[in-house]
Amino acid sequence: MKGLVIFKRIYWGLLLLSTSANAQWYQHSFEVMGTMSHVEFWLDNSEVEKEQAINDKADTLIQVVKQEMIRIDQQMSPYIEQSELSKINREAGVKAVKISQELFDLLIIAQNISTLSDGAFDITYASIGYQYNYREQKRPNQQAIIEALPLIDYASVQLESSKLTVRYTSDQVKIDLGGIAKGYAVKRCLALLKSAGVQNALVSAGGDTGLLGDRYGRPWLVAIKHPRAENKNAAVIPLTNEAISTSGDYERYFVEDGVRYHHIINPKTGDSARKVVSVSIIGDDPTYVDALSTTVFVKGLTVGMQLINNLDNFEAIIIDNKQRLHFSNGLQQ
Ligand code: AMP
Ligand code: MG
């Protein structure tokens, strides 16, 4: 990793970065979806708009982004009893449940990535995933894993597009959108900013970042965290009008007898995936790069990199167990 630790970014709540009387950068950080989120955008005011008016507009846009993230959390969190996702997990094992178009569309994307990855990405990983509690250092024993493994199968989630329903093949099946929902939320927030006329923006939720345009004539610089040194970065990537998501084994984990148990589960084993320590995916669509970073993490270096090299429009940066960086073909040119 030598030579690549060149950039460290610290966010300080609400900041106003004034570059001229009428055009400014606005940024704000807040906690939602169990993680830190951040929004940053440029409001250009070449017209006669008053400074107060442009500041008010910025405040409104920050609230719009925040509310959108909260809305998606309320809809998709497995920790919120009234969420649409929790309702599905309670009921879809016994009957077909009618769901919103929005959630249906996201479940279709999740299923497409499952097919593409031969089940490395699988939202039914949750059938065993809920038995892990990283804060309390709890994990299922081998017997519990053996019993739950047959429940992990994306084909158990049956989606009926004409009726907009979801049904599980067993009442033991559970789903979780932790590997895709933050990317989706980033995508939605960028779309809202864009429709309000913003042309230059960054929205991030944890390790998922989406960009609109550039940063005042220069690329945005997005850091990939060092997987083993807090407050250090492994790399800084210049990007314009793209999305980047990082999945790392340092986000939620505990170590027991020298073994790291973390939040990305290999659906084939029910155990944490340990072939690599960090995966970043770059591409146009924040939802897909989020799901693909989790996917490639499970697949590991050789097969994961192959998957990305075979897809148009996606690139990967993988950090292996020896903390060496690997780049997909498109990033090597
Ligand atoms: P990310 O940080 O985007 O890689 O997402 C990690 C989250 O994805 C975990 O906290 C789980 O909620 C979820 N997850 C873990 N393993 C899988 C898997 N094999 N397929 C789909 N989602 C997963
Ligand atoms: Mg992901």
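Me: What makes the pairing of an oxygen atom of ligand 1 with the side chain of Y125 a polar contact?
Reply: In this predicted model, the oxygen atom of ligand 1 lies 2.8 Å from an N or O atom in the side chain of Y125; a polar contact is a pair of N or O atoms within 3.5 Å (within protein, one must be able to donate a hydrogen and the other to accept it, and residues adjacent in sequence count only if both atoms are side-chain atoms), so the pair qualifies. An oxygen atom of ligand 1 is likewise 2.9 Å from an N or O atom in the side chain of D290, and a nitrogen atom of the ligand is 3.0 Å from a polar backbone atom of A120. The protein covers 95% of the 500 Å² of accessible area that ligand 1 has on its own, an area taken from the Shrake-Rupley method with a 1.4 Å probe.

Me: Which residues come nearest to ligand 1, and which helix gives the largest share of its shell?
Reply: Among the 16 residues around the ligand, those that come nearest are Y125, S247, I265, D290 and T294, where being near requires a heavy atom within 4 Å. Helix 7, residues 286-299, gives the largest share of this shell with three residues.

As for conventions, residues are numbered from 1 along each chain as its sequence is written, while chains are lettered from A and ligands numbered from 1 in the order written. Local features need pLDDT of at least 70 and side-chain atom pairs count only at pLDDT 80 or more, whereas totals for chains, interfaces and linings use all residues, and side-chain values use heavy atoms, with hydrogens and water left out.

Me: Why is S86 called buried?
Reply: S86 has 7% relative accessibility, and buried means under 20% (exposed is over 50%, partly exposed in between), so S86 counts as buried. This residue lies in helix 2, where E84, L85, I88 and N89 are also buried. The cover over the buried residues of helix 2 includes helix 1 (51-76), helix 3 (101-116) and strand 6 (165-168).

Me: What does the side chain of S86 reach?
Reply: The side chain of S86 reaches the backbone oxygen of I80 at 2.7 Å. Leaving aside neighbours within four places in sequence, S86 is in contact (heavy atoms within 4.5 Å) with S77, P78, I80 and E81.

Me: Which residues touch the most other members of the largest nonpolar core?
Reply: They are F41, L177, L193 and I281, in a core of 69 residues, to which helix 1 gives the most, with eight residues.

Technical notes
Helices (H or I, at least four residues) and strands (E, at least two) are DSSP runs, numbered from the N terminus. Buried means under 20% relative accessible area, exposed over 50%, partly exposed in between (1.4 Å probe, protein chains only). A nonpolar core is a set of buried Ala, Val, Leu, Ile, Met, Phe, Trp, Tyr and Cys residues joined through side-chain atoms within 4.5 Å.
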